[in-house]
Amino acid sequence: MDGSSRDPAPFARGHVDTPSGRIAYRERGDGPVALFVHGVLLNGHLWRHQLRHLSDLRRCIAVDLLAHGDTDSGADQDVSVTANAHMLAQFLDALDIERVDLVGNDSGGGIAQIFAALYPQRVRSLTLTDCDAHDNWPPQAFEPFLAMAAGGGLGATLQAMVDDKAVYRSAQALGPAYQQPQALGDEDIDAYLRPLLRSPQRLADLQRFLAGFDPVHTVRIEAQLRQLRAPTLIAWGDDDVYFDARWSQWLAEAIPGTRRRVVLEGARLFFPEERWAEFNLLLREHWLAASDA
């Protein structure tokens, strides 16, 4: 895995003001917009390989969700997954973007489903990778982390991961999300975690995001999801301890716009970062097929 955050041609970075807060994003390219949505504890840095290598085909934008990255929101603001879905609509409005090719992973995949269900007219195509689905979250394997956070240990745990990157890569932390956790660069771990520790407010925002994990958000949009006609790609790892591959089948059957379901052998939760070349090829094929249709 080329985990380095260094790039000879840096991304354009920006902030835009919305009713949900000052939203941070990075982008590269021109043309139709592809919007990438990350999951819990991460930020738009997850999608650096997509921005680098797909910007010839799309204007690729990776947003930082509420309670993550460099995005700023109010101390008492709703930062739930549904609030994040509405934020995406506000974010697109602020940038004068009507429709997108939407791509989500982990919590961001659940948010992408909610956005697509509530704003179907804004979705040119949809791609879902290993993610929250229906009533299958939060994952059982993530429950010890949620319990630790609820018990007040979030700040100390994140600081321990920053101070010793082996903690982040361990089986007790984020190691199981990667096929080869040792290949992830120290600078990439810093890019994810240091923004969360910049102030007590940011840490409190993340705490509220975690405390709001509730499958009611995805269960209640099932009816709209079952009417979604946007061309949809489901790409999943078959070695994911958080989201079993059978949920890729559930999503494929639930979304009538599904054109293709791909299961990647040996892949885990963060395969869009780790096996980016394979995933980017799938995205290219999906976007071109959707455009032809």
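This is a short dialogue on reading three features of a predicted model.

User: How should I read the start of the chain, and which way do strand 1 and strand 2 run relative to each other, parallel or antiparallel?

Analyst: As a general idea, side chains in a regular strand alternate between the two faces of the sheet. In this predicted model, strand 1 (residues 12-18) and strand 2 (residues 21-28) run antiparallel and are joined by seven bridges. A hairpin of two residues links strand 1 to strand 2, and if you look for one pair to follow by eye, Gly14 has Tyr25 of strand 2 as its bridge partner.

User: What is the angle between helix 4 and helix 5, and why is their arrangement called oblique?

Analyst: Angles of 65 to 115 degrees count as roughly perpendicular and those over 145 as roughly antiparallel. Helix 4 (residues 143-150) and helix 5 (residues 154-163) pack at about 120 degrees, with their axes 7 Å apart, and the two helices are therefore oblique to each other. On the side of helix 4 the contact is made by Phe145, Met148 and Ala149, while helix 5 contributes Leu154, Thr157 and Met161; of these residues five are nonpolar, one is polar and none is charged.

User: How many cavities of 30 Å³ or more does the structure hold, and which residues lie nearest the centre of the largest cavity?

Analyst: There is one cavity of 30 Å³ or more, and the largest cavity holds about 110 Å³ of space. Its lining consists of 13 residues, and Val40, Asp106, Phe142, Tyr242 and Leu269 are the ones nearest the centre. By kind, the lining of the largest cavity divides into 10 nonpolar residues, one polar and two charged.

Methods. Residues numbered from 1 in each chain as written. Predicted model: local features only at pLDDT ≥ 70, side-chain atom pairs only at ≥ 80, totals over all residues. Heavy atoms only, no water. Axes fitted to C-alpha atoms, helices over the stretch in contact; angles between N-to-C directions. Helix = DSSP H or I, 4+ residues; strand = E, 2+ residues; numbered from the N terminus. Parallel < 35°, antiparallel > 145°, perpendicular 65-115°, else oblique. Contact = heavy atoms within 4.5 Å. Nonpolar A, V, L, I, M, F, W, Y, C, P; charged D, E, K, R; others polar. 1 Å grid on protein atoms, 1.4 Å probe; cavity = no way out; pocket = protein on both sides within 12 Å on 5 of 7 lines; lining within 4 Å. Points joined across faces, edges and corners; volume = space filled by probe spheres on them. Pairing = 2+ DSSP bridges.
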